[in-house]
Amino acid sequence: MKRYYLLFVISFLSFLSSAQAPSKYYLTADRVFDGEVMHEGWAVIVEGDKIVAAGPKDKIKEPTGAIKINFPNSTITPGLIEGHSHLFLYPYNITDWDTQVLKETDSYRTARATVHAKNTLMAGFTTARDLGTEGAGYSDVALKRAINEGIIPGPRLMVAGRAIVSTGSYGPKGYDHDQEIMLGAEPADGNDLVRVVRDQIGKGADFIKIYADYRWGINGEDQPSFTLDELKLINEVTRSSGRVMVCHAKSKEAIKRAVLAGAETIEHGDFIDVEIGKLMKEHNVTYYPTVSAVDVISQYRGWKKGVSAEPANVTNKKKSFKEALASGVTIGMGGDVGVYPHGENVLEMELMVEYGMKTMDVLKAATSVNARTFHLENQVGFVKEGLKADLVIVTGDPSKNISDLRKVKFVMKDGVVYRNEK
Ligand SMILES: [Zn+2]
């Protein structure tokens, strides 16, 4: 009995102290990447859930009573931002997409998604834009709520909900037409798009995700699924709610229609070229190349990377990525993670470097560029006074070797420490 009383007093006292004096941290490292520039000899001070100071050590006074954080040969970065995830999917070489969509219940998939969310956060990704549950309804809205309420650990989420496809275009496909097969997204066309966009918004979508094309051409090639007018209608209804439209688009024609209709980001863009990249740049559209999805799916289909001949779709992806770089379009970081394991998000960044992007630009893509694209630059994506205390510490220097981002030692989100490997 006495012991319980003592425990109660201790926990009450610690509650009082945490309520009265928010945790203060004094973080130092060999390098601090502030979202745009790498600095040496910097310190960062966190108080409560905010960064209250960041700059040269000699200009920043160590606060009394602060918890000191320092790792040898380390770099502090802003919490990383995953730009294209599917927390309700897991690698197709374990369970193919059709089976996940058709045979797994939403509750089973949500149980898995809680683990995926945790793995994402522990890998240093403190924010993620999730691009559709692929058949798990609005479970992403509930997942986001549980994370925000502190029930489960996970990244700060922006979610799409079900996403929208045109009738006839999307999968699962190839089943007897006598059966009504549930799809990986919600079909809608013509004027009905107005109702469906509003319905998705009402159910918690933070943005509207559209499949502007899909592989439903006569030979299975990517062909536009919506007309320009349909896309304009979707965009108008979405924008009037203060949200944005983002588009899956691989073919040049679908990218063009999506951009002209007002899309804010283009996902995949496998057949992008300099001309289309320039059009996107003119319209201030950010490109999410998802290079790892193509690479990994090719490997699931039997490609032995580095041993067997490179498949045509990988060669094409490398070529189009180079053209996008040459066009000057803004490139964000989002890998379609879920196709490969959650927590392996850095793979996309490694491949972006492998495909020809400067390492420093890839670091920016996953921090400041993504933050600006998602209109979060006043909250995350930078190590800067006044922003949320989302900080990651890794061993090494990721501006020299991007894979150093895998050597995570410390993860803080909103001033709360989730990982600290002393
Ligand atoms: Zn995707």
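Select strands E20 and E21 (residues 416–420) in this predicted model: the two pair in the antiparallel sense, over four bridges. Within this pairing, Lys 413 is placed opposite Val 416 of E21. Now move to the turn that links the strands. E20 and E21 make a hairpin with two residues between them, and Asp 414, in the turn, has a positive phi of about 55°.

Next, colour E20 alone, residues 408–413. Five of its six residues are buried, so the strand is mostly covered. Then add strand E19, residues 391–395, to the selection. E19 runs antiparallel to E20, and four bridges join the two. To see one facing pair, display Val 392, which stands opposite Val 411 in E20.

From the hairpin, turn to helix H11, residues 346–354. Seven of the nine residues in H11 are buried, and the helix is mostly covered. Which residues of H11 are the buried ones? They are Val 346, Leu 347, Glu 348, Met 349, Glu 350, Leu 351 and Met 352. To view what covers these buried residues, show helix H9 (291–300) and helix H12 (359–373), which are included in that cover. Following H11, select Gly 356, where phi is positive, near 115°.

The residue before which to pause next is Thr 290. Thr 290 lies in the loop between strand E18 (286–288) and H9. Its phi is near 45°, a positive value in a residue other than glycine. Is Thr 290 buried or exposed? Thr 290 is buried, because 26 other C-beta atoms lie within 10 Å, and 20 or more are required for that class.

Continue to strand E17 (residues 265–268) and select His 268, which has its place there. For His 268, a residue other than glycine, phi is again given as positive, near 80°. His 268 is buried, with 27 other C-beta atoms within 10 Å.

Now select Gly 171 and Pro 172. A cis peptide bond joins these two residues, with omega about -5°. Pro 172 is found in the loop between strand E11 (164–165) and strand E12 (186–187).

The final stop is Asn 93, in the loop between strand E8 (80–85) and helix H2 (97–103). Asn 93 counts as partly exposed because it has 13 C-beta neighbours inside 10 Å. To return to the start of the tour, draw a distance from the C-alpha atom of Asn 93 to that of Val 416: the two atoms are separated by 35 Å, and the residues are 323 apart along the chain.

Key:
Residues numbered from 1 in each chain as written. Predicted model: local features only at pLDDT ≥ 70, side-chain atom pairs only at ≥ 80, totals over all residues. Buried ≥ 20, exposed ≤ 12 C-beta atoms within 10 Å, placed from the backbone. Pairing = 2+ DSSP bridges. Contact = placed C-beta atoms within 7 Å.
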